[in-house]
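Here are a few exercises to work through with the viewer open. Try each task before you read the solution.

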Amino acid sequence: MSHPTEDAPVEGGLVAEVARMTPEQRAEHDAEVAEAVAVDRDIQVEVGETLLELRDVTLKFGGLTALDSVSFGIRRGEILGLIGPNGAGKTTCFNAMTGVYRPTSGQVLLEGKPLGKATRHQITQRGIARTFQNIRLFGEMTALENVVVGTDARHKTSVLGALLRLPRHHREEKTAVERAMALLEFVGIADRAADKAKNLPYGYQRRLEIARAMATEPKLLCLDEPAAGFNPAEKEELMGLIRKIRDDGFTVLLIEHDMKLVMGVTDRIVVLEFGKKIAEGLPAEIRENPAVIAAYLGVPDDDAA
Ligand SMILES: Nc1ncnc2c1ncn2[C@@H]1O[C@H](COP(=O)(O)OP(=O)(O)OP(=O)(O)O)[C@@H](O)[C@H]1O
Ligand SMILES: [Mg+2]
């Protein structure tokens, strides 16, 4: 790919500039960033109709049933927690929703339409994006470039157009760089935009993954243990970011082991154990649910406490 930084030089200046702003200027600036991040969405959406639905999804790996007739829905504008002990099938759910694996039986529907045989790329274009439990970034590319790559999923120009550098492609690239920069600022890592991803601190890499997923302008953003390896203060900060993401118009599906954190940020929670859904409800209900308590106490998992 070309070098987006040539079009928009990234100086440490932006962050310093923001730091010098008056509270009023800062509020206006933050609103502009939110606008840039939320191009095609209504900001502050109400929790609404079902956006994504799993209908009796079963997924087998040979003799192992990783998902056993799992059904649940995600409503537009909500933060839905997906929890369960290790090996419960949480990541497999993400894989079934993003085209990594096809359900053995059952269906995944986005806005009422089955994903069917859609490829990963087609699913991204239809509006589902995810991060990975094990960070997957382009280590040799800068933070900014990693996000620009995410915006490519929505580009209208063909690869040929890009090679020929048609005017339209050039225009889109410029916008992509601007949006990518706004996204880095949104997740709080704009000060390291020009650094190679592999050189970023771990917490920055996790946030970069989120920015890159957001760059595809998903209707549904799926986060697979985004706070793994974080200390309590970092987790608290990340929860703030997840709320901000939802307030910006995204719908969020969150896999997270830390109960305190999940209870604090989600609107509803779905619980899996051994591939089966064992509970679904409000955080307060889930906390009191005997089957959930037993599932967590029944496994030697430090996180369950
Ligand atoms: N590609 C695969 N091939 C075979 N078995 C798999 C595959 N992916 C997952 N599994 C198995 O499916 C089950 C569910 O795994 P999954 O990764 O979805 O769990 P999880 O809930 O995400 O767990 P964790 O909290 O440890 O990330 C496990 O028994 C796992 O070993
Ligand atoms: Mg997992």
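A residue is buried if 20 or more other C-beta atoms lie within 10 Å of its own, exposed if 12 or fewer, and partly exposed in between, with C-beta atoms placed from the backbone. Helices (H or I, at least four residues) and strands (E, at least two) are DSSP runs, numbered from the N terminus. You're looking at a predicted model, where local features need pLDDT of at least 70, side-chain atom pairs count only at pLDDT 80 or more, and totals for chains, interfaces and linings use all residues. Residues are numbered from 1 along each chain as its sequence is written, while chains are lettered from A and ligands numbered from 1 in the order in which they are written.

**Exercise 1. Work out how enclosed helix α6 is.**

Step 1: Find α6 at residues 143-151.
Step 2: Pick out its buried residues: A143, L144, E145, N146, V147, V148, G150 and T151.
Step 3: That's 8 of the 9 residues, so α6 is largely enclosed by the rest of the structure.
Step 4: For the wider setting, buried residues make up 39% of the 305 residues in the protein.

**Exercise 2. Decide whether T50 is buried, exposed or partly exposed, and find its contacts.**

Step 1: Locate T50 in strand β1, residues 50-61.
Step 2: Count the other C-beta atoms within 10 Å; there are 14, so T50 is partly exposed.
Step 3: Look for contacts (C-beta atoms, placed from the backbone, within 7 Å). Ignoring neighbours within four places in sequence, T50 touches G73, I74 and R75.
Step 4: Check I74 again: its C-alpha atom is 5.6 Å from that of T50, although the two are 24 residues apart along the chain.

**Exercise 3. Trace the sheet around β7.**

Step 1: Start with β7 itself, residues 220-224. 5 of the 5 residues are buried, so this strand is largely enclosed by the rest of the structure.
Step 2: Sort the side chains. In a regular strand they alternate between the two faces of the sheet. Here L220, C222 and D224 point one way and L221 and L223 the other.
Step 3: Find the partners, remembering that two strands pair if DSSP finds at least two bridges between them. β6 (128-130) runs parallel to β7 with 3 bridges, and A129 is matched with L221. On to β8 (251-255): it is also parallel to β7, with 5 bridges, and T251 faces L220.
Step 4: Follow the chain from β7 through helix α10 (232-247) to β8; this β-α-β crossover is right-handed. That means the path from the first strand over the helix to the second runs clockwise when the strands point away from the viewer.
Step 5: Add β3 (79-83), joined to β8 by 4 bridges and parallel to it. L82 has I255 as its bridge partner.
Step 6: Write out the open sheet of 6 strands: β6-β7-β8-β3-β9-β10, with mixed pairing. β6 and β10 (276-281) are at the edges with a single partner strand each, so one side of each has no neighbour in the sheet.

**Exercise 4. List what surrounds ligand 1 and say which element gives the largest share.**

Step 1: Collect residues whose C-beta atom, placed from the backbone, lies within 6 Å of the ligand. You should get F61, L64, A66, G84, N86, G87, A88, G89, K90, T91, T92 and Q133.
Step 2: Assign elements. β2 (64-75) and α4 (90-97) each supply at least two residues, and α4 gives the largest share, 3 residues.

Note on methods:
Contact = placed C-beta atoms within 7 Å.
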